[in-house]
Amino acid sequence: MKVLAVGDVVGSAGLQHLKRRLRHIKQENKIDFTIVNGENCAGVGIFPQQADDIFAAGADVITLGNHVWNRRQIVPYLEDNKYILRPANLAPQAPGDGFGIYDTLGYCVLVINLIGRCEMAFGPDNPFLAADKILRQMEGKYDIAVCEIHAAATSEKLAMGFYLDGRVSAVYGTHTHVQTADERVNPKGTGYITDIGMTGPVWSVLGVKPQQSIAMFRGDLTETFQTAEGECALGGIIFDIDTTTKKCTDIKRIFYR
Ligand SMILES: [Fe+2]
């Protein structure tokens, strides 16, 4: 089974690029299941129409991250639609779900959306213990498991990759928006990459107009960040998973400008 994960879609330019490219990428790589992180579609957060657009572009599941609540209009959508996930280790009363099981080629694919804590908000529960709990709770109900860790710290993502090695088929990072070159299959068979990158404007600072980012770092008075426009790239990862052994047999990084 070939699983594609696409990095954080940033702004309307990123969304347009996804709409233009995703079908073709799926066809070219014979993808069976596609996960897209959509938490930066509205710069910060995502509107329901944008989630609809990501599904129409070819996503099977949308994942989110630290900006999940920035556009509150998404709250009823999260409660109604089981194909969009928010981080699983948020407070238990948070709307929506943090994991789900999706039928693909006759197999049950468990997708887990986690958020890190290192250099991020203090609110979420421990993502490592959350992963344990979910895997225990869902034991026997899924065939293949894939885990996204939306986190800032490379160390936290790497540790998660080893923690879940041999327990899930793939672990990948999102949030830092710059694709890392460390894709590999860990010793016990879990495909891993620290960050899959973003889908958004190339000439930007993580999606934001460079001059605004520079102004912030200079200490100038700044305005609300705006997403950059122009040429875009789509970053992602493809995991080839053996449905018998559940191990990742091949991993391929993609970057479409
Ligand atoms: Fe994020």
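## Strand E6 and its neighbours

Strand E6, helix H4 (residues 127-137) and strand E7 together make a right-handed β-α-β unit. This is a predicted model, and E6 is a good place to begin a tour of it.

E6 covers residues 107-115 and is mostly covered itself, with 7 of its 9 residues buried. It pairs with E5 in the antiparallel sense and with E7 in the parallel sense. Here are the two pairings side by side:

| Partner of E6 | Residues | Sense | Bridges | Residues standing opposite |
|---|---|---|---|---|
| E5 | 99-104 | antiparallel | 6 bridges | Asp-103 and Cys-108 |
| E7 | 144-150 | parallel | 7 bridges | Leu-110 in E6 and Ala-145 in E7 |

The link between E5 and E6 deserves a look of its own. These strands form a hairpin, with 2 residues between them. Leu-105 sits in that turn and has a positive phi of about 50°. On the other side of the story, the parallel pairing of E6 with E7 belongs to the β-α-β unit that includes helix H4.

Now for the whole chain. Its secondary structure comes to 6 helices and 13 strands. Of the 257 residues, 47% are buried. Taken along the principal axes, the C-alpha atoms fill a box of roughly 55 × 40 × 35 Å. The radius of gyration is 17 Å, which agrees with the value near 18 Å for a compact globule of 257 residues. As for contacts between residues at least 6 apart in sequence, 65% join residues at least 24 apart.

Notes. Residues are numbered from 1 along each chain as its sequence is written. This is a predicted model: local features need pLDDT of at least 70, side-chain atom pairs count only at pLDDT 80 or more; totals for chains, interfaces and linings use all residues. A residue is buried if 20 or more other C-beta atoms lie within 10 Å of its own, exposed if 12 or fewer, and partly exposed in between; C-beta atoms are placed from the backbone. Helices (H or I, at least four residues) and strands (E, at least two) are DSSP runs, numbered from the N terminus. Two strands pair if DSSP finds at least two bridges between them. A crossover is right-handed if, with the strands pointing away from the viewer, the path from the first strand over the helix to the second runs clockwise. The radius of gyration is taken over C-alpha atoms; the globule rule is 2.2 Å times the number of residues to the power 0.38. Two residues are in contact if their C-beta atoms, placed from the backbone, lie within 7 Å.
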